[in-house]
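Hi everyone, thanks for coming. I'd like to walk you through a structure that is new to most of us, so let's put it on the screen.

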Amino acid sequence: MSDDTVGATGRLTYEGTITRIIERAPDTRSFFLRLPASQPFAFTPGQFISCLLPIDGEMIRPYSLASNPEEPELEICLNRVPGGVGTAYLFALQEGARLRFTGPWGTFTLDQAPEAECVFIADGTGIAAIRPMLRRALNGRSAHPIGLHYAAASRTHLLYADELETAARAHANFTFVPLLGTPLTEEIERRYVAADTDRSRHFFICGVGDIVPRLRDLLRRSGYERRAVQYEKW
Amino acid sequence: MAKLRVLFENGAPERIIEFDPSRAPFQHDGRAGSILDVLAGHGIHLEHACGGNCACTTCHVIVKDGFNRLSEAEENELDLLDKAPGLTPTSRLGCQAVIEDDAEFTVLVPRFTINAA
């Protein structure tokens, strides 16, 4: 840690170079960041970075890491927010631009699959945090069932769809359930509340807005242990 | 007017802010009128890595006076506080605890925030 990487508040800041920008869906892009070799960056699947955008001095915008720690570049995946100054700034950036950030942050993480059935629930761009957690769980060779219920506005908004479908074919214990119209709460209630009395499952929920606490409350109130229902609401 | 006294565990000099809660928000991060909003709006830095969205614990403060006059904590905040280092019975997240009354409050900003799970 050198003086020029520590801000006035003692934060260790990083500066990555944007090496690639991918249009994953309409108004949804992945930005790939490469850090200098002198700045190794360790994180746990599920964590996020806080981008320090030069807007009104400095504006903090947190983004989940969609990549896994073992990959050479960091990936953030975000959609353009109507009227949002942070995403407007990021969507104007070109490859080669630099991005300052702090991190990793957050306690919504999964380092290895729990010794129980594991259910991931993603709504929209909430898949960004879920993706590295899921990949870590699948690589752990757990024998327990692993499920992903992923709600998106349309097939074109289903991010990482090919990768997820490939994973479902490769892992017999993994079930991928894309939801393109069925309300997420109804689906979860039908499968994990009404269908049986098994309450040993672990849930990892990520999304934007009130859908996240609604799912949390549904599961906790139906008998799942509080700590077996982990979530991150953006 | 409300009065917020801020103590820093790292030894920085204490600060006292007097403000009108009805004039919130004072800036753009955290809930309007929250401890984070009041501090940031008065030039006092409180870490808030998630942008004040109740998704981390970096704005953890320990309320020394006025705890019962703050807005009540919701489940999301309580779940996150469970993971905060140095948790106390009067811990709150600065981005969520809203000062609604003209009362006196004292908060302590802990020395350490957590940079990982």
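Let me begin with a word I'll use often: a residue is buried if 20 or more other C-beta atoms lie within 10 Å of its own, exposed if 12 or fewer, and partly exposed in between, with the C-beta atoms placed from the backbone. A second convention: helices (H or I, at least four residues) and strands (E, at least two) are DSSP runs, numbered from the N terminus. With those two in hand, look at strand β11 (residues 229–233) of chain A, which is mostly covered: five of its five residues are buried. A:V229, A:Y231 and A:K233 point one way from β11(A), while A:Q230 and A:E232 point the other way. That fits a general pattern: in a regular strand the side chains alternate between the two faces of the sheet.

Before going further, some housekeeping. This is a predicted model, in which local features need pLDDT of at least 70 and side-chain atom pairs count only at pLDDT 80 or more, while totals for chains, interfaces and linings use all residues. Residues are numbered from 1 along each chain as its sequence is written, and chains are lettered from A and ligands numbered from 1 in the order in which they are written.

How confident is the predictor? pLDDT is its confidence in each residue, from 0 to 100. The mean pLDDT is 93 for chain A, with 95% of its residues at 70 or more. For chain B the mean is 92, and again 95% of the residues reach 70 or more. The model as a whole scores ipTM 0.85 and pTM 0.91. One stretch needs care: over residues 1–9 of chain A, pLDDT stays under 50. As a rule, where pLDDT is low, the predicted coordinates should not be read in detail.

Back to β11(A) and its partner. Two strands pair if DSSP finds at least two bridges between them. Five bridges join β10(A) to β11(A), and these two strands run parallel. Within that pairing, A:F203 has A:V229 as its bridge partner. At the end of strand β10 (residues 202–207) of chain A we find A:G207. Is A:G207 buried or exposed? It counts as buried, because it has 24 or more, to be exact 26, C-beta neighbours inside 10 Å. Let me put that more simply: the count for A:G207 is 26.

What does A:G207 touch? Contact here means that the C-beta atoms of two residues, placed from the backbone, lie within 7 Å. Not counting residues up to four places away in sequence, A:G207 touches A:A122, A:D123, A:G124, A:G126 and A:V212.

Now the wider layout of chain A. Its domain assignment gives domain 1 (3–105) and domain 2 (118–233), with bounds that come from an automatic or database domain assignment. The C-alpha centres of these two domains lie 25 Å apart. Between them, 14 residues of domain 1 are in contact with eleven residues of domain 2. On the domain 1 side, β1 (13–25) and β5 of chain A are the elements that give two or more residues. The largest share, three residues, comes from β5(A). That side divides into seven nonpolar, six polar and one charged. For those classes, Ala, Val, Leu, Ile, Met, Phe, Trp, Tyr, Cys and Pro count as nonpolar, Asp, Glu, Lys and Arg as charged, and the others, Gly among them, as polar.

Let's stay with β5(A), since A:C77 is found there. A:C77 counts as buried because it has 24 C-beta neighbours inside 10 Å. Leaving aside neighbours within four places in sequence, its contacts include A:R24, A:T125 and A:L159. A:C77 and A:R24 are 53 residues apart in sequence and 8.4 Å apart in space, C-alpha to C-alpha.

Which sheet does β5(A) belong to? Six strands of chain A form an open, antiparallel sheet in the order β4-β3-β6-β1-β2-β5. Its edge strands are β4 (59–64) and β5 (74–79), each pairing on one side only. At the other edge from β5(A), strand β3 (residues 48–53) pairs with β4(A) over six bridges, and A:L53 stands opposite A:M59.

Finally, chain B. Its strand β3 (residues 60–65) pairs in the antiparallel sense with strand β4 (residues 91–93) over three bridges, with B:V61 opposite B:R92. Three bridges also join β3(B) to strand β5 (residues 104–109), again antiparallel, and there B:D65 stands opposite B:T106. Where the two chains meet, the contact takes 17 residues from chain B and 16 residues from chain A. The chain B side divides into seven nonpolar, seven polar and three charged.

Technical notes. pLDDT is the predictor's confidence in each residue, from 0 to 100.
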